[in-house]
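Biologist: Got a minute to walk me through this one? I'd like to hop between a few spots and ask questions as we go.

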Amino acid sequence: MDDGDILRIMTDKPYRKNVGMVVFNSSGKVIVGERVQFPGSWQFPQGGIDEGEDYLEAAKRELYEEIGVKKATYVTEYPDWIPYDFPNSLGLNSHLQKFRGQLQRWILFYWDGTLEECDLVHHEQEFLTIQFMEIEDTIQSVVEFKKEVYAKFVPLFKSAIQNYIAENSKSK
């Protein structure tokens, strides 16, 4: 088996449908987590979409499973699905090895809770810890193979966050 065969096998694999969630607060900061398998890298919660599951329902379910947030308000979403390939060096668990990478839908939520209200361990723990960060800083904080994905949706979401805060501060 040569490199061409390996490449062909990789590209014949399907993408796993996945949803990513960006959660921001009234200060415009977003919640990012330090993933158990990538210490030192910070990313948004994300998770797989079950067979037949609506991606918005998957986003709400995954948000609760990964960080324990239940009452987030939907704000907007990135209009397209964004694919990324898993790097060969990733060491995927068995249920992900059958996929080439992930095809993601990104959703923006507002939630004005505190980090102390989040629960990282009530389900299968994915994050060592979480913190608030400026959204534009997330592109540099995420693992290398996801930087291009973040570069696509972060500018749109930064603008949506600013608009949401401006509109909602007028009504108070």
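**Walking through the model**

Modeller: Sure, let's begin with a strand. Valine 30 sits in strand β2, which covers residues 30-35. Keep in mind that this is a predicted model.

Biologist: Is valine 30 buried or exposed?

Modeller: Valine 30 has a relative accessible area of 0%, so it counts as buried. Its C-alpha is 9.8 Å from that of leucine 108, and the two are 78 residues apart along the chain.

Biologist: What does UniProt put on this chain?

Modeller: The unreviewed UniProt entry carries the annotation "domain: Nudix hydrolase" for residues 14-155. In the model, that span is 18% helix and 33% strand, and its end C-alpha atoms lie 28 Å apart.

Biologist: Now the aromatics. How many aromatic pairs does the structure hold?

Modeller: There are 15 aromatic pairs in the structure. Take tyrosine 150 and phenylalanine 153: their ring centres are 5.1 Å apart with the planes at 55°, so that pair is tilted. An edge-to-face label would need planes over 60 degrees apart, and a stacked one under 30.

Biologist: Where do tyrosine 150 and phenylalanine 153 lie?

Modeller: Both are in helix α4, residues 147-170. They are 3 residues apart, which is about one turn of the helix.

Biologist: And are those two buried or exposed?

Modeller: Tyrosine 150 is at 1% relative accessibility, so it counts as buried. Phenylalanine 153 is at 0% and is buried as well. The cut-off for buried is under 20%.

Biologist: Which residues form the aromatic cluster with them?

Modeller: Phe44, Trp106 and Phe157 join Tyr150 and Phe153 in one aromatic cluster. On phenylalanine 153, its C-alpha is 14 Å from that of proline 45, with their positions 108 residues apart in sequence.

Biologist: Switching topic: which ring does the charged end of lysine 17 sit over?

Modeller: That would be the ring of tryptophan 81, with the charged end of lysine 17 at 4.7 Å from the ring centre. Arginine 35 does something like it with phenylalanine 127, lying over the face of the ring at 5.4 Å from its centre.

Biologist: OK, pockets. What volume does the largest pocket have?

Modeller: About 790 Å³. Its lining is made up of 36 residues, and Arg16, Arg35, Asn93, His95 and Leu96 are the ones nearest the centre.

Biologist: Which elements supply at least two residues of that lining?

Modeller: β1 (15-24), β4 (46-48) and α2 (55-67) each do.

Biologist: And how does the lining split by class?

Modeller: The lining of the largest pocket has 14 charged, 11 polar and 11 nonpolar residues.

Biologist: Let's do some loops. Where is valine 69 found?

Modeller: Valine 69 is in the loop between α2 and β5, the latter being residues 73-77. With a relative accessible area of 2%, valine 69 is buried. Its C-alpha and that of isoleucine 135 are separated by 19 Å, and those residues are 66 apart along the chain.

Biologist: What about histidine 123, which loop is that in?

Modeller: The loop between β7 (101-110) and β8 (127-133). At 40% relative accessibility, histidine 123 counts as partly exposed, because that class runs between the 20% limit for buried and the 50% limit for exposed.

Biologist: How far is the C-alpha of histidine 123 from that of glycine 68?

Modeller: They are separated by 8.6 Å, with the two residues 55 apart along the chain.

Terms used:
Residues are numbered from 1 along each chain as its sequence is written. This is a predicted model: local features need pLDDT of at least 70, side-chain atom pairs count only at pLDDT 80 or more; totals for chains, interfaces and linings use all residues. Side-chain values use heavy atoms; hydrogens and water are left out. UniProt positions are given in the numbering used here, feature names are shortened, and annotations may be inferred rather than shown by experiment. Helices (H or I, at least four residues) and strands (E, at least two) are DSSP runs, numbered from the N terminus. Rings of Phe, Tyr and Trp (its six-membered ring) pair if their centres lie within 6.5 Å; planes under 30 degrees apart count as stacked, over 60 as edge-to-face and the rest as tilted. Buried means under 20% relative accessible area, exposed over 50%, partly exposed in between (1.4 Å probe, protein chains only). A charge sits over a ring if NZ of Lys or CZ of Arg is within 6 Å of the ring centre and within 35 degrees of the ring normal. On a 1 Å grid over the protein atoms alone, a cavity is a set of points where a 1.4 Å probe fits but cannot get out, and a pocket is an open set with protein on both sides within 12 Å along at least five of seven lines; lining residues have an atom within 4 Å of a point. Grid points are joined across faces, edges and corners, and a volume is the space filled by probe spheres set on the points. Ala, Val, Leu, Ile, Met, Phe, Trp, Tyr, Cys and Pro count as nonpolar, Asp, Glu, Lys and Arg as charged, and the others, Gly among them, as polar.
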